[in-house]
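Thanks for coming, everyone. I have a structure to walk you through today, so let me put it on the screen and we can go round it together.

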Amino acid sequence: MSRTLSDPAFTGYILSRTACPVLVFQTPYAKLQMSSTTPTFNTPPPPVHDSLISFPTPQILLVTLNRPKDLNCINTRGHYELDALYSWFDNEPSLRCAILTGGGRAFCAGADLKEWNSANQSTSKTQNGGKEADGLSREAKERSMPPSGFGALSRRGGKKPIICAVNGICFGGGCEMIINADMVIADEGAQFGLPEAKIGVVALAGALSRLVRTVGRQRAMEMALTGRPLKAGEAKEWGLVNRVVGKGKSVEEAIKLAEMVVGNSPDSVIVSREGIKMGWEGIGAEEATRWTQEVWYKRMDKGENMKEGVRSFVEKRKPRWVPSKL
């Protein structure tokens, strides 16, 4: 059953009295913003401490990483909270597309190396002293992120598309996220890079095997082995970025792109994305086609949106899509 924001499940949220209404979640950490049109959700979004959650339209989720002093580096808690948020997004029928961006001058500069170093030192001290390693330190070291990867995006499969609006620095794990994003919009001043080799670590969150499929072996080697940053124009030339826009325009452009996506059948978007993703992840073209036809298309054919799309075309009117049940 769908719930509006008047539902008791949304206790803790208030609507601010401003010219542009803003829904604020009353915790010291998280704020939830929305458009003047109230979205309808089955359940409220989970709290995300270091990100701002907003809804440019009732069908679009906008996530803004909000640790500007730390260049939006993501810590262990952040990975798991974003994983819960994207799972909620995939399961909310009214939401059809998400956008990820960063607050301040960075999109995301990668992992929280202060947390990593602290966990490493703690583990080293306990092991050298002959005692058992601290449980939290071991967890931070061995399970520092969920199966969906860095920022819950670098290895995400998911059901619905996520667009990255890269507003500035995009290094390390931040770059690993955009490599696996569905589309990428970049400010003209954005920079992309995998500098891990410069500090003795490796990009292990899923980027390396995916990067070579996008930019080719030699360019992937250049990025990973030299750590050289790419400017936005070069990243577009290499195929990592869809569009480069003026300074401060990446979110605006990403919303325009998302609006084009949500204007289409949600079933068609989900199945088309799945077909492309299977081919990109290494399944042979014929196997991916067979899987799309025999599994996804059969489920899509039983839904209302395919019938509505054809009917609206014949009747020469705009289609009235219903939430996907795939």
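Let's begin at asparagine 167, which sits in the loop that joins strand S8 (162-166) to strand S9 (169-171). Bear in mind as we go that this is a predicted model. Is asparagine 167 buried or exposed? Its relative accessibility is 16%, and buried means under 20%, so asparagine 167 counts as buried.

What does the side chain of asparagine 167 reach? One partner is the backbone oxygen of glycine 104, at 3.1 Å. Another is the backbone oxygen of alanine 106, at 3.2 Å. If we leave out residues up to four places away in sequence, asparagine 167 touches Thr101, Gly102, Gly103, Gly104, Arg105, Ala106 and Phe107, and also Asp187 and Ser250.

Next, two residues with an unusual entry on my list: a positive phi without being glycine. Asparagine 72 has phi near 60° and is not a glycine. You'll find asparagine 72 in the loop between strand S5 (60-65) and helix H1. With a relative accessibility of 1%, asparagine 72 counts as buried. The other one I'd like to show you is alanine 152, where phi is also positive, near 60°. Alanine 152 belongs to the loop between helix H3 (135-142) and S8, and at 2% relative accessibility it counts as buried.

Asparagine 72 brings us to the cavity. How many cavities of 30 Å³ or more does the structure hold? The answer is one. The largest cavity offers about 70 Å³ of space. Asparagine 72 is part of its lining, together with Val48, Asp50, Ser51, Leu65, Arg67, Cys73, Ile74, Asn75, Gly78 and Leu82.

Gly78 and Leu82 are also among the buried residues of H1. The others on that buried list are Thr76, His79, Glu81, Leu85, Tyr86, Trp88, Phe89 and Asp90. H1 covers residues 76-91, and here is a little check you can do by hand. At 1.5 Å a residue, its 16 residues should span 22 Å; the end C-alpha atoms are 23 Å apart, so the two agree.

Now over to the second largest pocket, with about 520 Å³ of space. Helix H4 (173-179), strand S10 (183-187) and helix H9 (266-280) are the elements that each give two or more residues to its lining. Of the 21 lining residues, Ala181, Asp182, Met183, Arg273 and Ile276 lie nearest the centre of this pocket. Which element gives the largest share of the lining? That is H9, with six residues.

H9 passes the helix check as well: it has 15 residues, and from first C-alpha to last it reaches 21 Å, close to the 21 Å expected at 1.5 Å a residue. Its buried residues are Pro266, Asp267, Val269, Ile270, Val271, Arg273, Glu274, Lys277 and Met278.

Before we finish, a word on confidence. The chain has an average pLDDT of 82, and 75% of the residues score at least 70. Where does pLDDT stay under 50? One stretch is residues 9-32, for which the model has 49 contacts beyond four places in sequence. Another is residues 124-141, with 17 such contacts.

That's my tour, and I'm happy to go back to any part of it.

How values were computed: Residues are numbered from 1 along each chain as its sequence is written. This is a predicted model: local features need pLDDT of at least 70, side-chain atom pairs count only at pLDDT 80 or more; totals for chains, interfaces and linings use all residues. Side-chain values use heavy atoms; hydrogens and water are left out. Helices (H or I, at least four residues) and strands (E, at least two) are DSSP runs, numbered from the N terminus. Buried means under 20% relative accessible area, exposed over 50%, partly exposed in between (1.4 Å probe, protein chains only). A polar contact is a pair of N or O atoms within 3.5 Å; within protein, one must be able to donate a hydrogen and the other to accept it, and residues adjacent in sequence count only if both atoms are side-chain atoms. Contact means heavy atoms within 4.5 Å. The expected span of a helix is 1.5 Å times one less than its number of residues. pLDDT is the predictor's confidence in each residue, from 0 to 100. On a 1 Å grid over the protein atoms alone, a cavity is a set of points where a 1.4 Å probe fits but cannot get out, and a pocket is an open set with protein on both sides within 12 Å along at least five of seven lines; lining residues have an atom within 4 Å of a point. Grid points are joined across faces, edges and corners, and a volume is the space filled by probe spheres set on the points.
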